[in-house]
Amino acid sequence: MSDYTHTSPPKPSGLIKPRIIIHGGAGNITRTTVPRDRYDAYHTSLLRILSNASFVLTYPGISALDVATYAVTLLENDPLYNSGHGAVFTREGKNELEASIMVSNGYEKRGVGVMMLSHVKNPIGLARELLLKGEEPNGDGSQDHCQYSGAYVEWLAAKWNLEIVPEEYFFTQRKWDEHKRGLAEEQRREETGVSTEEISEWEEENYIPLGTCGAVVIDSFGTICVATSTGGLTNKVPGRIGDTPTMGAGYWAEEWYEEVRKEMIYQPSLPVSSPIDRLSRGDLRNLVGDCLPGITSQSNPSETSSSKTADEKLSKVRHAVGLSSSGNGDSFIRMCASRTTASKSRFQSTSLSKATTWMTGPGGELQKSAGDRWGKVHEGTGGMIGIEVIGNKVDVVCDYNCGGMFRAWTEEDGSKKCLIFREDGWESGPKNWDSVHSGQ
């Protein structure tokens with residue numbers, strides 16, 4: 001962690017209890033497509049990475065930017081996931097990596113996406129450097145852009161002493177076998193006249209990575225950082241760019257202040273003045289009225305003993321949100337899913353949790369975008385993780401519309417939780433799992 005020394009500026013809202021949530025992809029993750037041994041491997045890996053990152057999050061003055069970068073670096077280094085070492089292959093058998101990073105506040109650029117990388121060991125580290133360098137005059141060659149691609153930015157990575165590796169570093173046998181099997185399955189279906197666009201029986205029975213890795217972190221200053229990294233879709237067309245490096249589609253972070261009305265405060269009226277006081281102020285009309293009741297007088301409402309004045313005060317409360325997505329990236333791009341979700345929360349005063357379910361939950365807007373193609377192709381499939389803070393109250397959120405989503409997070413009390421399926425009975429023990437694979 002010696003390279004991660006940048007800290008975020010303090011926020012006026014006071015210290016906040018740091019939280020983190022990570023994800024390792026979403027898609028056709030079921031107890032049929034993911035054997036028990038692989039399930040256990042994912043579960044162990046997620047908790048290990050979460051534990052390491054959450055420990056670093058306890059460092060005094062550490063920033064969300066640093067911890068999110070660190071967490072995703074660990075995900076990129078683990079061959080289980082579709083990023084870094086373990087990224088999927090294009091149709092030509094190449095790895096084309098993408099990553100992005102964004103903060104809710106504290107930098108003019110706020111977010112950066114990188115794509116078409118094939119030699120930078122940890123793309124998320126490059127995204128972080130581009131964010132920081134972009135704050136400097138001329139950016140040491142990067143300037144203040146928000147998206148970067150290809151050879152020049154990899155040259156910058158080498159210039160900045162980021163680790164450069166040969167293309168073979170990203171190779172894993174499992175992902176290569178999935179690549180070859182996918183091409184063979186496509187050719188077989190073409191020869192038999194079966195649509196190659198629809199999900200095949202082989203894809204239904206095997207988890208084929210089409211998701212990403214990501215982390216959303218809030219530090220003690222209240223800054224939220226979103227970091228996301230991926231190899232893209234298995235057997236994607238060379239040169240295809242997904243939602244991961246596309247700001248507003250696969251990732252988003254922002255903050256704002258919202259005026260709220262405090263409880264109405266009632267103040268007692270001024271006491272009725274004495275005759276001598278009225279005489280001294282020249283209030284002869286009301287003075288005569290007190291002596292001669294037959295003469296009516298218009299009393300000042302503010303001087304009526306039973307009246308009360310309402311003082312309605314306005315106060316500004318800070319909101320911040322961050323979202324990282326996983327799934328069929330083209331659907332997220334078409335929906336501008338992350339920014340749309342944040343806007344749903346911001347402009348309709350909806351919790352981020354409800355907005356996330358509205359977009360990526362079962363039957364949500366992402367699923368609806370697929371129309372009658374839902375379930376026949378991968379379109380509309382995905383999930384989203386996020387963090388919302390209102391004042392000093394932090395909420396960690398997640399939802400998805402597919403079989404499962406690899407995710408782990410810290411609770412408010414500091415405890416750690418990991419889920420791959422839903423909590424409503426999907427997390428099963430060995431007995432139930434074995435019965436699924438034995439056909440019972």
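Which strands does helix H11 (residues 352-360) lie across? In this predicted model, helix H11 lies across E10, E11 and E12 and runs at about 10° to E12. Axes here are lines fitted to C-alpha atoms, for helices over the stretch in contact, and angles run from 0 to 180 degrees between N-to-C directions. Helices (H or I, at least four residues) and strands (E, at least two) are DSSP runs, numbered from the N terminus.

Residues are numbered from 1 along each chain as its sequence is written, and side-chain values use heavy atoms, with hydrogens and water left out. As the model is predicted, local features need pLDDT of at least 70 and side-chain atom pairs count only at pLDDT 80 or more, whereas totals for chains, interfaces and linings use all residues. The protein chain has a mean pLDDT (the predictor's confidence in each residue, from 0 to 100) of 84, with 78% of its residues at 70 or more. The pLDDT falls below 50 over residues 264-270, a stretch with 19 contacts (heavy atoms within 4.5 Å) beyond near neighbours in sequence. Residues 424-440 also have pLDDT below 50, and this stretch has 26 contacts beyond near neighbours in sequence.

The sheet under H11 is open and has four strands in the order E7-E10-E11-E12, with antiparallel pairing; two strands pair if DSSP finds at least two bridges between them. Strand E7 (251-261) and strand E12 (393-400) each have a single partner strand and stand at the edges, so one side of each is without a neighbour in the sheet. On average, neighbouring strands of this sheet are turned by 15° against each other, direction ignored. E7 and strand E10 (residues 314-327) run antiparallel and are joined by 11 bridges; Glu259 stands opposite Lys316 in E10.

Helix H10 (residues 337-347) lies across E7, E10 and strand E11 (382-390), at about 10° to E7. Its buried residues (under 20% relative accessible area, with exposed over 50% and partly exposed in between; 1.4 Å probe, protein chains only) are Ala337, Ser338, Thr341, Ala342, Ser343, Lys344 and Ser345. These buried residues of H10 pack against E7, E10, helix H9 (329-335), H11 and E11. Ser349, just after H10, takes a positive phi of about 50°.

A further open sheet comprises eight strands in the order E4-E3-E2-E6-E5-E1-E13-E14, with mixed pairing. The edges are strand E4 (147-149) and strand E14 (416-419); each has a single partner strand, so one side of each is left without a neighbour in the sheet. The twist from one strand to the next averages 10°. Five bridges pair strand E1 (residues 19-27) with strand E13 (residues 404-410) in the antiparallel sense, and Arg407 in E13 is the bridge partner of His23.

Thr212 lies in the loop between helix H6 (201-205) and strand E5 (213-218), and counts as buried at 3% relative accessibility. Beyond its neighbours within four places in sequence, the contacts of Thr212 include His23, Gly24, Thr244 and Ser325.

The largest nonpolar core (a set of buried Ala, Val, Leu, Ile, Met, Phe, Trp, Tyr and Cys residues joined through side-chain atoms within 4.5 Å) has 57 residues, and Ile20, Ile22, Val114, Leu126 and Leu130 have the most contacts inside it. Helix H2 (residues 64-77) gives the most to this core, nine residues. A second, separate core has 33 residues, among them Ile218, Ile224, Ile387 and Val389.
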